[in-house]
Amino acid sequence: MKRIVVGISGASGFPLAVCLLNELKKIPDVETHLVYTYGAELTAKQESGFEPEQIRALADVCYDNFNIGAAIASGTFLTEGMIVLPCSMKTLSGIAHGFSENLLLRAADVTIKEQRKLILAVRETPLSPIHLENMLAVSRLHNVYVMPPVITYYMNGQEPINVSDMERHMVGKMLQPFGIEMEGFRRWN
């Protein structure tokens, strides 16, 4: 069983997190461990109408963001790594500077120290020099991938038909470092 930690912070992009969790649900040998911030709850309501219980239902295991003693806060709890989607600039800053004030940040810190894969889908525009410095800092770390959810205009030579196509393409890219080939993901030929 592969365990993947999914963190959702308060940046815009909650539908991408839903897409990711739904795709991971389709894979029988993947177990998702979810932690999300209060900002994520607020954003979820605004962008999709999701309530906290609906967010929790998307994962196999869900943790309270204030439970620093949860399994995902320990390096001895084996996971493949973590995806933070979306990743707010506040969360990025906490990760870049080792400020583990909550479970999401602690789980990311553990992922880095254990040299597991960490995908950060940072969300902001325009980017300030502070944002860019924090992205540069984390990108220099082993197994950390900075993957802003940038829309795609090609998918194996075909134009995306709708936003859902673009979301699935981005999620497919985020799953690649874990060796997970998402059904329907189109590669360039």
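Helices (H or I, at least four residues) and strands (E, at least two) are DSSP runs, numbered from the N terminus. This is a predicted model: local features need pLDDT of at least 70, side-chain atom pairs count only at pLDDT 80 or more, and totals for chains, interfaces and linings use all residues. Residues are numbered from 1 along each chain as its sequence is written, and side-chain values use heavy atoms, with hydrogens and water left out.

**Stop 1: backbone exceptions**

Most residues other than glycine have a negative phi, and most peptide bonds are trans. Select Gln 115, in the loop between helix 5 and strand 5. Gln 115 is not a glycine, yet its phi is positive, about 55°.

Go next to Asn 143, in the loop between helix 6 and strand 6 (144-146). Here too a residue that is not a glycine has a positive phi, about 70°. Asn 143 counts as buried because its relative accessibility is 18%; buried means under 20% relative accessible area, exposed over 50%, and partly exposed in between (1.4 Å probe, protein chains only).

Then select the two cis peptide bonds listed here. One runs from Leu 85 to Pro 86, with omega near -10°, and Pro 86 lies in strand 4. Another joins Thr 125 and Pro 126, with omega about -5°; Pro 126 is in the loop between strand 5 and helix 6 (129-139).

**Stop 2: the nonpolar cores**

A nonpolar core is a set of buried Ala, Val, Leu, Ile, Met, Phe, Trp, Tyr and Cys residues joined through side-chain atoms within 4.5 Å. Select Ile 8, Leu 24 and Ile 83: these have the most contacts inside the largest core, which has 34 residues. At least two residues of this core come from each of strand 1 (2-8), helix 1, strand 2 (30-36), helix 2, strand 4 (81-87), strand 5 (117-122) and helix 7 (163-175). Helix 1 gives the largest share, eight residues.

Keep Ile 83 selected and show its contacts (heavy atoms within 4.5 Å). Neighbours within four places in sequence aside, Ile 83 touches Ile 4, Val 5, Val 6, Gly 7, Leu 20, Ile 119, Met 174, Leu 175 and Phe 178. A second, separate core has 25 residues, including Ala 73, Phe 77, Val 84 and Leu 103.

**Stop 3: the aromatic pair**

How many aromatic pairs does the structure hold? There is one. Select Phe 14 and Phe 50: the pair is edge-to-face, with 5.2 Å centre to centre and 65° between the planes. Rings of Phe, Tyr and Trp (its six-membered ring) pair if their centres lie within 6.5 Å; planes under 30 degrees apart count as stacked, over 60 as edge-to-face and the rest as tilted.

The pair links distant parts of the chain, 36 residues apart: Phe 14 is in helix 1 (residues 14-25), and Phe 50 is in the loop between helix 2 (38-48) and helix 3 (52-56). Phe 14 counts as buried because its relative accessibility is 2%.

**Stop 4: Glu 31**

Select Glu 31 in strand 2. Glu 31 counts as partly exposed, at 22% relative accessibility. Apart from neighbours within four places in sequence, Glu 31 is in contact with Met 1, Lys 2, Arg 3, Ile 4 and Asp 60. From Glu 31 to Val 61 the C-alpha to C-alpha distance is 7.9 Å, and they are 30 residues apart in sequence.

**Stop 5: helix 4 and its partners**

Two packed helices are described by the angle between their axes and the distance between the axes. Axes are lines fitted to C-alpha atoms, for helices over the stretch in contact, and angles run from 0 to 180 degrees between N-to-C directions.

Select helix 4 (residues 89-96) with helix 5 (residues 103-113): their axes come within 9 Å and cross at roughly 45°. That makes helix 4 oblique to helix 5; angles under 35 degrees count as roughly parallel, over 145 as roughly antiparallel, 65 to 115 as roughly perpendicular and the rest as oblique. Helix 4 passes helix 5 in a right-handed crossing. A crossing is left-handed if the near helix is turned anticlockwise from the far one by less than a right angle, and right-handed if clockwise. At this interface Thr 91, Gly 94 and Ile 95 of helix 4 meet Leu 104, Leu 105, Ala 108 and Ile 112 of helix 5.

Swap helix 5 for helix 6. The axes of helix 4 and helix 6 come within 9 Å and cross at roughly 45°, and this crossing is left-handed. Met 89, Leu 92, Ser 93, Ile 95 and Ala 96 in helix 4 meet His 131, Asn 134, Met 135 and Val 138 in helix 6.

Which residues of helix 4 are buried? They are Met 89, Thr 91, Leu 92, Gly 94 and Ile 95, and their cover includes strand 4, helix 5, strand 5 and helix 6. End at Gly 98, which follows helix 4 and has a positive phi near 65°.
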